Amino acid sequence: VLDEKSIYYALGNHEQRLERKGFIDKCPVDLQHNFDLRSALKSDLIKLRIINYNDWFSIKVNKQPNLQITHGYYCGMNPIKKHFLDAHCSVMFGHTHETGIQSFKNVGETIIGYNNPCLCETSPEYLEARPQNWSVGFSIINVTEDNYWVQIFNIQDNKLVLPTGEIITP
C-alpha cells in the first residue's frame, strides 16, 4: 500500500544460517529463543515486512522501471552489474556491504543498480584482517504511485549527515 509507511528487512546469508534445519536444535533449549530472528525483530508488532533470503521484492510504479530488492549473492568484481543482469531492471542489494550506484542505459530508459552499505561492524574477527570495502549506512526508498526515490545514507566516524546538512551523532 503506497500511503502506508513500511519497513522491509531482507534476510541475508548470515540470518539464513540461523534458520537452517538443525541449527537451533543443536542449541540448549533454554537458549533457542535467542535465535528466533523474527521474534527478536518483533516483526509482527512493528509490521516489519521480511523478505526471505534471496527472494526478490518488487516496487512497481507507473513512470519508472521496477525496482527489484534482494539481499544479493554476487560479490567480487562489479556485483551491481551482475545483479542487474539477473533482474533486468533497477536493482538494490546489500550482500557486499559496500556503497555503490551504477547506471545502465536500456532502450528508452535508464536503469540503476544500488549496492547498500551495512549496519554492522566493518572489521569483524572472522575476516581475519582481510581487506574489504565495507561501509556503514542504510537506504530509504520513498514511493508514490508514479515514481520512487532512493537515498543512500553513509555513516562515517559515527556521524550521519542528513541532506539538510544536519549532523547526527549517537
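These legends go with a set of close-up views of a predicted model.

**View 1. Helix 3 and its buried face.**
Here we look at helix 3, which spans residues 79-87. Pro-79, Ile-80, His-83, Phe-84 and Ala-87 are its buried residues. They sit on the same side of helix 3, because the arc they cover around the axis is only 135 degrees. What do the buried residues of helix 3 pack against? Their partners are strand 4, strand 5 (90-93), strand 6 and strand 7 (109-115). Just after the helix comes His-88, with a positive phi near 60 degrees.

**View 2. A stacked pair, Phe-84 and Phe-104.**
Staying with Phe-84, this view brings in its ring partner, Phe-104. The ring centres of Phe-84 and Phe-104 are 4.1 Å apart and the planes meet at 5 degrees, so this pair counts as stacked. Phe-84 belongs to helix 3 and Phe-104 to strand 6 (residues 100-106), so the pair ties together parts that are 20 residues apart in sequence. Are these two rings buried or exposed? Phe-84 is buried because its relative accessible area is 15%, and the cut-off is under 20%. Phe-104 is buried as well, with a relative accessible area of 11%.

**View 3. A tilted pair, Tyr-8 and Phe-57.**
The structure holds 4 aromatic pairs, and this one joins Tyr-8 and Phe-57. Its ring centres lie 4.4 Å apart with the planes at 35 degrees, so the pair is tilted. Distant parts of the chain are linked here: Tyr-8 comes from strand 1 (residues 7-10) and Phe-57 from strand 3 (residues 57-59), 49 residues apart. Both rings are partly exposed, Tyr-8 at 34% relative accessibility and Phe-57 at 23%.

**View 4. The largest nonpolar core.**
Zooming in on the largest nonpolar core, you'll find 9 residues: Ile-51, Ile-59, Val-61, Leu-67, Ile-69, Met-92, Tyr-114, Tyr-148 and Val-150. Which elements give two or more residues to this core? Strand 4 and strand 9 do. Ile-69 is a handy place to start looking around. Setting aside neighbours within four places in sequence, Ile-69 is in contact with Ile-51, Ile-59 and Met-92, and also with Asp-55, Trp-56, Phe-57 and Ile-141. There is also a second, separate core of 8 residues, among them Ile-80, Ala-87, Val-91 and Ile-111.

**View 5. His-71 in its loop.**
His-71 lies in the loop between strand 4 (67-69) and helix 3 (79-87). Despite the loop setting, His-71 counts as buried, because its relative accessibility is 12% and the limit for buried is under 20%. Which side chain makes a polar contact with the side chain of His-71? That would be Asn-13, at 3.0 Å. Leaving out residues up to four places away in sequence, His-71 touches a run from Ala-10 through Leu-11 and Gly-12 to Asn-13, plus Tyr-53, Asn-54, Phe-93, Gly-94 and His-95.

**View 6. The open sheet of strands 8 to 11.**
This view takes in an open sheet of 4 strands, ordered 8-9-10-11 with antiparallel pairing. Strands of a sheet pair through backbone hydrogen bonds. Which are the edge strands? Strand 8 (136-143) and strand 11 (167-168) are, since each pairs on one side only. Strand 8 and strand 9 (residues 148-156) run antiparallel and share 8 bridges. Within that stretch, Ile-140 stands opposite Gln-151 of strand 9.

**View 7. From the loop after strand 9 to Val-161.**
The loop between strand 9 and strand 10 holds Asp-157 and Asn-158. Where does phi of Asp-157 fall? It is near 55 degrees, a positive value in a residue other than glycine. Asn-158 is a non-glycine residue with positive phi too, near 65 degrees. Asp-157 counts as exposed because its relative accessibility is 72%, and Asn-158 is exposed with a relative accessible area of 55%. Further along, Val-161 lies in strand 10 (residues 159-161). At 46% relative accessibility, Val-161 counts as partly exposed. Apart from neighbours within four places in sequence, Val-161 has contacts with Phe-153, Glu-166 and Ile-167.

Conventions: Residues are numbered from 1 along each chain as its sequence is written. This is a predicted model: local features need pLDDT of at least 70, side-chain atom pairs count only at pLDDT 80 or more; totals for chains, interfaces and linings use all residues. Side-chain values use heavy atoms; hydrogens and water are left out. Buried means under 20% relative accessible area, exposed over 50%, partly exposed in between (1.4 Å probe, protein chains only). Contact means heavy atoms within 4.5 Å. A polar contact is a pair of N or O atoms within 3.5 Å; within protein, one must be able to donate a hydrogen and the other to accept it, and residues adjacent in sequence count only if both atoms are side-chain atoms. Rings of Phe, Tyr and Trp (its six-membered ring) pair if their centres lie within 6.5 Å; planes under 30 degrees apart count as stacked, over 60 as edge-to-face and the rest as tilted. Two strands pair if DSSP finds at least two bridges between them. The arc is that of the directions from the helix axis to the C-beta atoms. A nonpolar core is a set of buried Ala, Val, Leu, Ile, Met, Phe, Trp, Tyr and Cys residues joined through side-chain atoms within 4.5 Å.
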